[in-house]
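Please open the model in your viewer and keep the selection tool at hand. The stops below are meant to be taken in order.

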Amino acid sequence: MTAKRGADDPTTDDELDGTTLADRRTFIKGVGATAATLATTGAASAQETTTADGPEWTMGRDGLAWSSDYVQNGYIEENDLVRARHRMEWGADDDALTAYEDDSGEKAMLPGYVPREDTENVVTLRADKFDFPAGREFPRGEQYDEDGDGDADTDVSALDATHWSTTDATTGTVSVSDADLDVEKALTVSSSSVAGGETVTASFSDFSLSDAAEKRYLQFVVNVEALTSGATVEVAVLDDDGDEKVVSASPGADTSTDSVFAAATGSGFVLQQRLADLSTNANGDGSFDSLDSVEVRISEADATVTFTALDVERKSRWTFGSYLDAEDTDSESREKRYEPGPGNFTVTGLDTLGDVLGAESAVIHDVTQPFRYTLADSTLDYMYRFVEASDYPGYDYVFEQRGKLKVPTAIDLTHSGLTFMDEVAVPPGRYKSVWTLAGVEDTEFADMDEDSKVYHGGAYDSEGKDAELRSSVTADTVFAYGADLLVTSDNMDAATSEGGMGGGGAAPSENGGNGMWIFGGLFAGIAAFVAAIRKGWA
């Protein structure tokens, strides 16, 4: 198939031979139209301009200064990438946010980075998705004989249903079961047929602690899956003679009260209250001086709750990261999250989690974040070269760049809203041509169908703008990207040496190009006319 030529492609001797006077006039007219078009619309609207004969291509990304404005780094933007799990052993910095588990169960890395231009609060989490050892270790130091061999060598966990007992009412019943969620252990307490005036109870008493009882925190993460009108769910910590500390959930309750953890259904409710700060229900001697049992009570109507973390032994709170409040204002401040939710919440990074939630053995499920898949980080084909720009006065080279990129797919990755973008990092008149082509996994750049390429000249109309090249991108599709930029020798040095920065060149004119490009287009047209005279046209 014959390749489409751009407005600046050279005209060959064979094409000029045998032309008529009308052809010559048409050509001369075309030269003027071309110069006028270039002067008003900029070069990127031209079609493919790869030089047919030129220097060899340099293969690979090495040798380029990717921080330079002259090195185009097109990217696929994703606002909400969901990684099914993040193992804290992978790390907690921004580089670790590119890690995921591939379909063979191995750690893999996404080709790109998490952008922070719009906000620093880039990581979205949910409390019930934290799978951390401390959330299931209570009561510490207690073991039981799980397999019946006479040896108590299995750790007791309050999130194992086997350790709970139940007390039903006249009509109402309660059940305790192990829940099948993303986290390693979760416990569901659910009632049925609870009538007005009735209370059903689930109890856990495989522990006893008498030291500094009121300094301990009642801590849990819970999903409230059902909360019938009129129902009340209480979580109580009792001492050895019946004195108790109680927190509760009921429809429409005042959640600003320390002792209320929920007023409706939802996921990821967090409660962390020091027992000393809760009032004591004096059912014994009135002195709350030990920890001997935990009860979950459902009264008046039915409810279902599932705990993904539960503890009453710690003397400090879990820290669910921190975020920037009132971001980019004079009132900006960093705030820690202790009782986030229900539902999703944001943090600036996983490195803000406390030592407990950020423990190396912890796993966080369904981590949501923005992401950019870039040409620079892609592992697919890339090549570039500098071709002498003899037809463009004021410039020394056409910097031709060709690359491939794609968005990886995996069971543990959920993609949405993918858009192909690029930054207009230099004046628009510098762009001789920019194009993309989809579905080119096994196609060499030289073999790509010119008629199928999509040219994006109209998107490169303002320096500093983010140009949208494709509004709908499918993951796992390989895209080719081509860009030809007019550069000077100094620009070439900046593009091929680490630390080369800055766009340089003339400022864009009102019509979207720059002065140098306008004159370059005119001189290119004049040069073509002179060449025609030399061929015998005049």
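The tour goes from a sheet to ring contacts and then to the nonpolar cores.

Bear in mind throughout that this is a predicted model. Begin by selecting the six strands that form an open sheet, which run in the order E1-E26-E27-E33-E30-E31 with antiparallel pairing. At its edges you will find strand E1 (58–59) and strand E31 (454–455), each of which pairs on one side only.

Stay at the E31 edge and select strand E30, residues 431–438, which is joined to E31 by two bridges in the antiparallel sense. Here Trp 435 stands opposite Tyr 455 of E31. Add Lys 453 to the selection, and you will see that this lysine lies over the face of Trp 435, at 3.9 Å from the ring centre. A further example of a charge over a ring can be displayed by selecting Lys 404 and Phe 445, where the charged end of the lysine sits 5.6 Å from the centre of the phenylalanine ring.

Turn next to the aromatic pairs, of which a search of the whole structure finds 19. Select Phe 132 and Trp 318, whose ring centres are 5.2 Å apart and whose planes meet at 80°, so that the pair is edge-to-face. The two residues are 186 residues apart in the chain, with Phe 132 in the loop between strands E7 (130–131) and E8 (143–144), and Trp 318 in the loop between strands E21 (303–311) and E22 (322–325). Phe 132 is buried, with a relative accessible area of 2%, and Trp 318 is buried as well, at 0%.

Now move to Phe 220 and Phe 261, another edge-to-face pair, with centres 5.1 Å apart and planes at 90°. Phe 220 belongs to strand E14 (residues 217–227) and Phe 261 to strand E17 (residues 260–262), so the pair ties together parts 41 residues apart in sequence; both phenylalanines are buried. For a cluster linked by ring pairs, select Trp 66, Tyr 382, Tyr 384, Phe 386, Tyr 397 and Phe 399.

Finish with the nonpolar cores. The largest has 64 residues, and among those with the most contacts inside it are Ile 76, Phe 132 and Phe 399, while strand E33 (residues 479–487) gives the most to this core, with five residues. Centre the view on Ile 76 and show its contacts, which include Phe 371, Leu 405, Val 407, Leu 418, Phe 420 and Phe 479. As a last selection, take Val 174, Val 200, Val 222 and Val 224, which are included in a second, separate core of 46 residues.

Conventions. Residues are numbered from 1 along each chain as its sequence is written. This is a predicted model: local features need pLDDT of at least 70, side-chain atom pairs count only at pLDDT 80 or more; totals for chains, interfaces and linings use all residues. Side-chain values use heavy atoms; hydrogens and water are left out. Two strands pair if DSSP finds at least two bridges between them. Helices (H or I, at least four residues) and strands (E, at least two) are DSSP runs, numbered from the N terminus. Rings of Phe, Tyr and Trp (its six-membered ring) pair if their centres lie within 6.5 Å; planes under 30 degrees apart count as stacked, over 60 as edge-to-face and the rest as tilted. Buried means under 20% relative accessible area, exposed over 50%, partly exposed in between (1.4 Å probe, protein chains only). A charge sits over a ring if NZ of Lys or CZ of Arg is within 6 Å of the ring centre and within 35 degrees of the ring normal. A nonpolar core is a set of buried Ala, Val, Leu, Ile, Met, Phe, Trp, Tyr and Cys residues joined through side-chain atoms within 4.5 Å. Contact means heavy atoms within 4.5 Å. Lists of a residue's contacts leave out its neighbours within four places in sequence.
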